Amino acid sequence: MSDKNLTWQQLANMIDHTNLKQYVPNEAFVKLCDEAKQYNFKTVAINCATTEICYGQLKDSPVLVDSAVGFPLGQSTLETKVFETEDAIRKGAGEIDYVANLVELKNKNYDYIRREMDGIVKMCRKYQVTSKVIFENCYLTEEEIVKMAEIALEIGIDFIKTSTGFGEYGAKAEHVRLMKSVVGDRLKVKAAGGIRDVQTALAMIDAGASRIGTSSGIRIVEDYKKMTEE
């Protein structure tokens, strides 16, 4: 979708409204959910431990709970990630973002990467839940990004995602373009990490992102309203 014909409501519905901090009280998640309902963001993106709290706030709205699995390092076992995925879904998650095991990617153990992704995708499909894999591009070569995208295409996950937001840097438009060049329209790309203003969000969309993960969603939407009303 071109920036030129994107309404603010459409932009808002491309945003995963994010709070992945580990040191905030439950009231912060109630606020997050209230904001998501007000702006009709696509999801609230949270750690698994707060899935039930957020689902309780959102169950009567179109906003989904997006739970992070194996977050932020991706270094739990395949079996643990699959269990965590099902546990989050049973507690109300409508989308899952899981962090890939980059140690096994660096080891060129592509069979492990396939099995991990396949296990999580199958669990998500069982419950008709959207699945996303986080690459953490700041630690990857271009060749590794391409390989991960090729495996994702083979397995048929719903989204490939740039970053956790906890790495050395977050989303880059050139990485979104690279990811999109591999998967085309067969998979979607989520850009996340360091997206704090409307210009950056639109650059990611222009590069091929269909979803934006950010804790600055309100600022982005309000600034976009002003841009499009001028």
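In the predicted model, Asp-97 counts as buried, at 2% relative accessibility. The residue is found in strand S4, which covers residues 95–99. Leaving aside neighbours within four places in sequence, Asp-97 is in contact with Asp-66, Ser-67, Ala-68 and Val-69, as well as with Lys-132, Ile-134, Lys-161 and Lys-190. Two of these contacts, Lys-161 and Lys-190, are listed together with Asp-97 under "active site" in an unreviewed UniProt entry. The three listed residues are spread over 94 residues of sequence, yet they cluster in space, with a largest C-alpha distance of 10.1 Å. Asp-97, Lys-161 and Lys-190 are also included in the lining of the largest pocket.

Lys-161 lies in strand S6. This lysine is buried, because its relative accessible area of 5% falls under the 20% limit. The side chain of Lys-161 makes a polar contact with the side chain of Asp-97, at 2.8 Å. Residues up to four places away in sequence being left out, Lys-161 touches Asp-97, Val-133, Ile-134, Phe-135, Glu-136, Met-179, Lys-190 and Ala-192. Ile-134 thus appears among the contacts of Asp-97 and among those of Lys-161. Lys-190, likewise, is in contact with Asp-97 and with Lys-161.

Glu-136, one of the residues touched by Lys-161, is placed in the loop between S5 and H7. Its phi is near 60°, a positive value in a residue other than glycine. At 5% relative accessibility, Glu-136 counts as buried. A phi near 60° is also found at Gln-128, again a positive value in a residue other than glycine. Gln-128 lies in the loop between helix H6 (110–126) and strand S5 (130–134). With a relative accessible area of 77%, Gln-128 is exposed, whereas Glu-136 is buried.

Aromatic rings were examined next. The count comes to 2 aromatic pairs. Tyr-39 and Phe-41 form a stacked pair, with 5.5 Å centre to centre and 10° between the planes. The pair counts as stacked because its planes, 10° apart, meet the requirement of an angle under 30 degrees. Tyr-39 is buried, with a relative accessible area of 9%, and Phe-41 counts as buried at 0% relative accessibility. Phe-71 and Phe-166 form an edge-to-face pair, with 5.2 Å centre to centre and 90° between the planes. Phe-71 lies in the loop between strand S3 (64–69) and helix H4 (78–90), while Phe-166 lies in the loop between strand S6 (159–161) and helix H8 (173–183); the pair therefore ties together parts that are 95 residues apart in sequence. Phe-71 is buried, with a relative accessible area of 18%, and Phe-166 is partly exposed, with a relative accessible area of 45%.

Phe-71 also takes part in a cis peptide bond, which joins this residue to Pro-72 with omega at about 0°. Pro-72 lies in the loop between S3 and H4. This loop therefore holds Phe-71, a member of the edge-to-face pair with Phe-166, and Pro-72.

Charged side chains were likewise found over aromatic rings. The charged end of Lys-132 sits over the ring of Phe-159, 5.7 Å from the ring centre. Lys-132 is, in addition, one of the residues in contact with Asp-97. The charged end of Lys-172 sits over the ring of Tyr-169, 4.2 Å from the ring centre.

Another part of the model concerns Ile-151, found in helix H7, which covers residues 142–155. Ile-151 is buried, with a relative accessible area of 1%. Not counting residues up to four places away in sequence, Ile-151 touches Tyr-110, Ile-113, Arg-114 and Met-117. Ile-151 and Lys-91 are 60 residues apart in sequence, and their C-alpha atoms are 29 Å apart in space.

Definitions and conventions: Residues are numbered from 1 along each chain as its sequence is written. This is a predicted model: local features need pLDDT of at least 70, side-chain atom pairs count only at pLDDT 80 or more; totals for chains, interfaces and linings use all residues. Side-chain values use heavy atoms; hydrogens and water are left out. Rings of Phe, Tyr and Trp (its six-membered ring) pair if their centres lie within 6.5 Å; planes under 30 degrees apart count as stacked, over 60 as edge-to-face and the rest as tilted. Buried means under 20% relative accessible area, exposed over 50%, partly exposed in between (1.4 Å probe, protein chains only). Helices (H or I, at least four residues) and strands (E, at least two) are DSSP runs, numbered from the N terminus. A charge sits over a ring if NZ of Lys or CZ of Arg is within 6 Å of the ring centre and within 35 degrees of the ring normal. UniProt positions are given in the numbering used here, feature names are shortened, and annotations may be inferred rather than shown by experiment. On a 1 Å grid over the protein atoms alone, a cavity is a set of points where a 1.4 Å probe fits but cannot get out, and a pocket is an open set with protein on both sides within 12 Å along at least five of seven lines; lining residues have an atom within 4 Å of a point. Contact means heavy atoms within 4.5 Å. A polar contact is a pair of N or O atoms within 3.5 Å; within protein, one must be able to donate a hydrogen and the other to accept it, and residues adjacent in sequence count only if both atoms are side-chain atoms.
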